[in-house]
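Hi everyone, thanks for letting me take this slot today. I'd like to walk you through one model, piece by piece, so please stop me whenever you like.

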Amino acid sequence: MVDEKRLFGIAALFDTPDEILHAAKKVSEAGYKNYDVNTPYPIHGIDKAMKLKSSKLGYVTLFFGFFGASSILFFMWWTLSINYPLVIGGKPYFPLPAFVPITFEFTVLNAVISTFIAMIAIVFNLPFNSHPLHDTNYMKNVTSDKYGLVIESEDPNFDEYRVSELLKSLGGNSIELIQNPERKAIKVLEPKFIIFLIIVAGITAMSTWWTLNKFMYLPPWNFMSNQNKGSAQAESSFFYDKHEMREPVNGTVARGFIPYAFEGVVDTNEFYSNPLLPTKSVLALGQKKFLTFCSPCHGNYGEGVSRLHGFFPAGPTLHSARVIGFSDGKIYNIITNGQNGIMPSYAYQITRDERWAIINYIRVLQRAQNPKPTDFSAISEINKESGNASN
Amino acid sequence: MPQTESSINYTEKTYYIKKELPKSLSTLGFTLLIIGVILSLISYIIDPARASFGYLTAYIFLLCIGLGSLFLVSMEYTAGAVWSVPFRRVSELFASSIPFLLLLIIPLFFSMRHLFAWMNPEVVAGDKVWQARMSYLNVPFFVIRDIVILLVWWLFYHLIIRNSRKQDTNLDQKLTTTNIKLSAAFIPIFGFSVSIFSFDWLMSMVPKWFSTIFGVYIFADAAWVGFAVVTLASVLLTENGYLGSKIKKDHYYSLGTWMFAFTIFWAYIAFSQYMLQWYGNLPEEIIYYVHRWNGGWKYVSLILVIAHFIVPFLFLVPRNSKTNPKILIFVSIWIIATQYLDSYWLVMPSMVNNGFTYSFSLLDFAFPIAAVGLIIVLFAAVAKKQNLLPIGDPKLKRSWDFHL
């Protein structure tokens, strides 16, 4: 049965938009204030018929819009102009035009989200997440094809009998008494529990902070991270120039790095010998680097026919008796330091190992132009083997 | 009850009896026009180069008003809008300046040597960039394409407005359908041609400057000031009973919303153009803004930001202000004045590019006085022969019942 204390309001359904407009007008003329109209789609003129005042929700939007704009501007000003000033693209420390798009986005975001939250907070009476009209027969109808009006019991003029009679006289049908749902207090939101949560959170936070910042630095712990040392980017209180980061002592050699003693010395009588054996992988590396760096001028086979069609002086052939007579070390020196002022230094393009590999590959090219009789028998043997293998 | 569609023979003549506009309106228009023309002639005698820049400012202003109003008419047809039907004739009256643009452009063609640096053969000969551009920016092609564009606008104006007026007497619904098709064709053509026209007359004043969004900027201005003049006239006419008795405040709402929307649209476009060029800081691009920041122009630019965006925005934000006749009248007058300032700001700083120095002169007021006078004269003259309501429009009855 209907519980008087829990009565939310009395609802009626109407069949056409004109009827609901008429009903809303009459209800407001009868002096009711707390009533609402629900329709499947917006009806033009309903707010005038209901004598609705303009919504106050706009002020929430306005306030949070301004709040969003000013807070993001403050944030960008503080981070980019005060706390860590950066010159970006030669612009001033406070480049307002660059901040405008972000300010705009943040203003809209803030205004929209806060309006939405304010709206559901007012309609649902947060923390509750439903409305008494939900799950009623009335709501089922007004969300499909009927137009509904509900007068709430909070209205000072509310009287169950007179309201039902009024709605009936206006042509409303399926008059429905709508109950407030039994709203049990939400246990999670009880003050005791919330205070308990706050205390637990406080204790956890304080003990975590104390453990990580104080307790772990007491003896006997002795962490490597916590030692007297310079940090690369930090300011030094010890060195005169205030840099913690020091330059290496003159003559320092990096690990795994063998310096070339004749760097920049073009004509020298002392040479190194090739540390690499002409294995398959070394020759493959040498071929790759030769084709990349040497072949544009010296030709793909070292024959001195350039691919540059005269746009750059062609390199000499590598098959002359003079080049064949060069020691590996001399060729290495030429690659490293350049020669005759025309061939530049390749020290920065080609690594040390690659240079030696290229030299091995040049030797192969030279041998291919001037083979020894034994080479032919070796080749035919290799061909025979591979022929057998393929069979 | 579902609203019955109005029948073909339906007229709203019972609600509307044509009232003549007061004589004082055309007197005012003629006075302003004559004063303006005399002052313009004086300024032309004093300094023809300076006067041609002032003339271009006024021309751009007139162009924005005429095109913006025609755009509103074609928008109404294309969108099938109901609320704006009672105000359509007002937009059509303002669009009647479009045929005059064809006449008024002739003096501009004769003052091109003052306006454009590329008209000087010595400048062009010394610069490869200019030489490359001469295939597009040469006088015959320039003149022909701008006349063609004006003719196309005039053609659409003529067809759409003729059909609309015919409907007053023959009540033919098919004319609405024809106009919908014409309007749908006009809108893309308008968007394209207004870009070309603004590139020709405004962008080519600044050597080597380019901005692809510039046509949209002029479009935003045109639509903005078009809605402002229509709002001003509609509200004044309605409040004084010239448009019949059935227009409610609800009809005003969308006029205010249009002005509000295009206030924001202009700000969006103007800022997009500014921010990209300010950030890129390339010499050929930034020179446009440097000229508008040097000396006193700095304050004009800042005033433009406030007057063109912030003031109308704040006035039109509240819902009630869009239905308040007083606020609408104030804001639309504000917009019209600001639009002239914007045209001034677009044209005048470019004087520097052609070797002139700019200094403010009171004779600059001659051209806006003449322009405003011309619009009032045209409005009053055309309104004399026409109904101020499209009484044959099939949507008119539904429009009376419009509410928010």
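I'll go from the overall picture of chain A to its strands, then to the cores, and end with some single residues.

Before anything else, please keep in mind that this is a predicted model.

Let's begin with chain A as a whole. Chain A contains 12 helices and four strands. How far does its C-alpha trace span along the principal axes? The spans are about 125 × 70 × 50 Å. There is another way to see this. For a compact globule of 391 residues we would expect a radius of gyration near 21 Å, but the value for chain A is 45 Å. As for burial, 15% of the 391 residues in chain A are buried.

The division into domains adds to that picture. Chain A is split into domain 1, covering 4-179, domain 2, covering 187-217, and domain 3, covering 280-375. If you take the centres over C-alpha atoms, domain 1 of chain A and domain 3 of chain A are separated by 82 Å. Now think about contacts in chain A between residues at least 6 apart in sequence: 70% of these join residues at least 24 apart.

Next, please find strand S3 of chain A, residues 147-152. Is S3 of chain A largely enclosed or open? Five of its six residues are buried, so the rest of the structure largely encloses this strand. We can also look at its partners. Strand S1 of chain A, residues 7-14, runs antiparallel to S3 of chain A, and six bridges join the two. Strand S2 of chain A, residues 35-38, pairs with S3 of chain A as well, in the antiparallel sense and over four bridges.

Here is a nice detail to look for on your screen. Which residue of S3 of chain A is the bridge partner of A:Ala11? That partner is A:Val150. And A:Val150 is also the bridge partner of A:Asp36. A little further along, A:Asn38 stands opposite A:Gly148 in S3 of chain A.

While we are at S2 of chain A, look at its two faces. A:Tyr35 and A:Val37 make up the covered face, while A:Asp36 and A:Asn38 make up the uncovered one.

That brings us to the cores. In soluble globular proteins, nonpolar side chains tend to be buried together. The largest nonpolar core here has 105 residues, and B:Trp224, B:Phe227 and B:Met259 have the most contacts inside it. Helix H2 of chain B, residues 48-79, contributes the most to this core, giving 18 residues. There is also a second, separate core of 23 residues, with A:Leu21, A:Ala24, A:Val37 and A:Val163 among them. You have met A:Val37 already, on the covered face of S2 of chain A.

Let's stay with B:Trp224 for a second. If we set aside its neighbours within four places in sequence, its contacts include B:Met259, B:Phe262 and B:Trp266. B:Ile335 and B:Gln339 are also among them.

How do the two chains meet? Nine residues of chain B are in contact with nine residues of chain A. On the chain B side, these divide into seven nonpolar, one polar and one charged.

Finally, a few single residues that are fun to click on. A cis peptide bond joins A:Pro219 and A:Pro220, with omega at about 15 degrees. You'll find A:Pro220 in the loop between helix H7 (191-213) and helix H8 (280-298) of chain A.

Then there is A:Asp135, which is not a glycine but has a positive phi of about 60 degrees. This residue sits in the loop between helix H4 (96-124) and helix H5 (137-142) of chain A. Why does A:Asp135 count as exposed? Because A:Asp135 has 11 C-beta neighbours inside 10 Å, and the cut-off for exposed is 12 or fewer.

A:Ser174 also has a positive phi, near 40 degrees, in a residue other than glycine. A:Ser174 belongs to strand S4 of chain A, residues 173-179. With 13 C-beta neighbours inside 10 Å, A:Ser174 counts as partly exposed.

That's my tour, and I'm happy to take questions.

Key: Residues numbered from 1 in each chain as written. Chains lettered and ligands numbered in written order. Predicted model: local features only at pLDDT ≥ 70, side-chain atom pairs only at ≥ 80, totals over all residues. Buried ≥ 20, exposed ≤ 12 C-beta atoms within 10 Å, placed from the backbone. Pairing = 2+ DSSP bridges. Rg over C-alpha atoms; globule rule 2.2 N^0.38 Å. Contact = placed C-beta atoms within 7 Å. Nonpolar A, V, L, I, M, F, W, Y, C, P; charged D, E, K, R; others polar. Domains from an automatic or database assignment. Core = buried A, V, L, I, M, F, W, Y, C linked by C-beta atoms within 7 Å.
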